[in-house]
Amino acid sequence: MEIVLPPHRDGTRDRIPVVGKSLVIIGANGAGKTRFTDWLMSEISAKAYRISALNALYIKHEIDKLPGSIDSLYQEAVSKAAFLRDDIVSQFDRMMVIMIYYEMLNLINHKVSRQGDDGGHRTISESLLDKMISAWLEVFPDNKVKRARGEVLFARKDDGENMYSSFKLSDGEKAVLYYFGSALLAPEGGVVFVDSPGLFLHPSITGLIWDKVEQLRPDCTFIYTTHDIDFLSSRRNAKVVWVRKFYFESKRWDYAVLPPDAGISDDMYMTLVGARKPMLFIEGDAKHSIDAKLYPLVFRDYTVKSLGGCDKVIEATRTFNDLNSLHHLLSRGIVDRDRRSPQEVGYLRGRNIYVPDVAEIENILMLEEVIRTVASVHGKNEHKVFDSVRRSIIGQFRTDLHKQALLHTRHRVKRLTECRIDGKFPNITALEKHMQNLVNEIRPRRLYENLCREFQGYVAEGDYSSILKVYNQKSMLPSSNVAGLCGLANKEAYVQAIINILRHNGQPAARIRKAIIECFGIDDERLDAPIPEVSLIKND
């Protein structure tokens with residue numbers, strides 16, 4: 001089946017074949033998904049059929065006027081059978097009444113069909129109610145269902161004969177019953193629009209339930225509207241339309257049909273769907289890392305997302321920018337400098353990966369302006385505080401100088417070796433010869449001695465900012481006593497003081513924010529500039 005989608009902002013419309021009989025419309029809350037779906041329903045018209053557990057389980061006085069809807073089927077049944085109540089309000093209860101009504105018609109037709117035969121056994125055909133109950137018991141196997149007194153009764157298997165009506169089922173149990181029953185009542189060859197298909201369902205069974213629904217109605221096309229990435233993951237063969245924004249005055253949308261071979265993870269799909277601002281991918285844990293606490297308060301115009309390690313940040317930035325034609329959002333990343341060479345830093349910065357002029361996130365908290373601001377806010381002499389911290393850090397670095405030079409040497413040797421070993425060799429002898437010459441080509445001792453001289457120069461000149469650039473030492477903050485000098489109890493209190501200053505957003509916050517942004521070699525103007533057209537970074 002081919003679906004014609006609503007107009008884009010420029011008036012064009014996409015036509016997509018619905019392979020696998022399903023289409024998922026996904027987007028953030030407020031993006032215009034419901035209006036998008038309503039437009040499709042009005043276009044499809046006679047074949048459209050709506051399923052909404054939220055509307056079904058709670059009293060809603062508006063009638064679903066679509067042809068073949070549960071409300072219209074209920075009204076039709078009431079008009080034909082005087083014994084049916086005409087005051088049932090909820091769509092769930094109406095669905096149950098229709099099922100009982102069709103069950104009675106099935107039984108009457110069976111009885112009539114046996115009149116005049118020879119009295120032999122004839123199996124009654126499976127009814128819609130039979131199919132609904134059978135499917136429901138697959139999901140809730142510890143239950144039993146009984147038909148009595150013109151209604152369907154339920155009980156737990158271990159609860160004897162203590163049966164109860166559907167009124168006492170949980171919302172989740174009702175929702176599953178409604179999904180199965182309403183799907184069975186859909187018109188033949190219909191287009192079934194499902195609103196929030198994960199509603200009332202546990203994520204572990206959501207995919208199973210909708211797989212079963214689609215099996216019950218292979219003649220129908222299913223169009224789901226959701227913001228739930230877990231549900232999207234369960235529709236493996238579905239086409240996906242990402243709705244980004246609705247323009248009310250023109251009645252048009254900003255949306256994209258996501259490519260099936262985009263090669264992006266479920267987590268990336270969620271980022272795409274939820275993003276309203278440019279993206280900034282960072283290292284660290286979203287709940288506990290300093291990165292996640294600090295960067296959202298510094299880069300306020302970005303949606304900041306923690307991804308863990310630097311490789312994930314680099315890959316996410318590359319992938320997100322690969323899809324720039326879909327979302328038109330800026331995407332940048334931040335990774336620690338660690339022991340990267342100036343060439344590595346330049347390579348990353350040229351590909352929208354920001355690298356600070358300090359070794360790691362803890363060193364950002366030790367920037368001169370950050371220390372001075374915290375000291376000043378807490379009533380301390382910022383000049384004396386910073387001078388004391390500066391002398392302490394230089395002293396620590398002097399002690400660790402050779403160890404740090406060796407660590408930097410190891411990193412550079414590793415990177416150079418990786419680059420050299422990627423060459424092409426005609427045979428194993430050539431590879432062996434190349435490997436034997438690696439030490440002479442890379443000359444690690446010369447690297448180490450050069451680094452030692454460079455680092456000794458930083459110490460001799462008292463070059464605090466250069467030391468922060470190369471000094472990877474997580475104990476730097478507590479051992480420098482910067483917290484105590486600022487009148488704070490410990491490292492955690494110092495970090496929290498910086499966070500609190502940034503949250504209050506006054507002049508001290510502007511001072512810290514400016515220092516951190518400049519630490520990345522950028523300014524506010526460049527931060528807001530469009531992404532240049534460059535080849536994207538390879539995952540190395």
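# Exercises on sheets, a helix and a buried arginine

Ile-282 stands opposite Ser-306 in strand E13. The model is predicted: local features need pLDDT of at least 70, side-chain atom pairs count only at pLDDT 80 or more, and totals for chains, interfaces and linings use all residues. Residues are numbered from 1 along each chain as its sequence is written, and side-chain values use heavy atoms, with hydrogens and water left out.

**Exercise 1.** Place the pair Ile-282 and Ser-306 in its sheet.

Solution.
- Fix the terms. Strands (E, at least two residues) and helices (H or I, at least four) are DSSP runs, numbered from the N terminus. Two strands pair if DSSP finds at least two bridges between them.
- Find the strand partner. Strand E12 (residues 279-282) is joined to E13 by 4 bridges, and the two run parallel.
- Widen the view. The open sheet has 4 strands in the order E13-E12-E14-E15, with parallel pairing.
- Find the edges. E13 (303-306) and E15 (353-354) each have a single partner strand, so one side of each is left without a neighbour in the sheet.

**Exercise 2.** Describe the sheet that contains E5, and the helix across it.

Solution.
- Give the order. It is an open sheet of 3 strands, E5-E6-E7, paired antiparallel.
- Find the edges. E5 (143-148) and E7 (164-165) stand there, each with a single partner strand.
- Count the bridges. E5 and E6 (residues 151-156) are joined by 6. Lys-146 stands opposite Leu-153 in E6.
- Add the helix. H5 (residues 128-139) lies across E5 and E6, at about 160° to E5. Axes are lines fitted to C-alpha atoms, for helices over the stretch in contact; angles run from 0 to 180 degrees between N-to-C directions.

**Exercise 3.** Which helices pack against the buried residues of H15?

Solution.
- List the buried residues (under 20% relative accessible area, 1.4 Å probe, protein chains only). In H15 (residues 368-377) they are Val-370, Ile-371, Arg-372, Thr-373, Val-374 and Ala-375.
- Name the partners. They pack against H14 (361-364), H16 (382-421), H19 (464-470), H21 (482-485), H22 (491-504) and H23 (507-519).
- Follow the chain. Gly-379 comes after H15, with a positive phi near 75°.

**Exercise 4.** Is Arg-217 buried or exposed?

Solution.
- Locate Arg-217. It lies in the loop between H7 (203-216) and E9 (221-226).
- Read the area. Arg-217 has a relative accessible area of 9%, and is buried.
- Check the contacts (heavy atoms within 4.5 Å). Leaving aside neighbours within four places in sequence, they include Leu-185, Pro-187 and Phe-222.
- Trace the side chain. The Arg-217 side chain reaches the backbone oxygen of Ala-186 at 2.7 Å.

Note on methods: Buried means under 20% relative accessible area, exposed over 50%, partly exposed in between (1.4 Å probe, protein chains only). A polar contact is a pair of N or O atoms within 3.5 Å; within protein, one must be able to donate a hydrogen and the other to accept it, and residues adjacent in sequence count only if both atoms are side-chain atoms.
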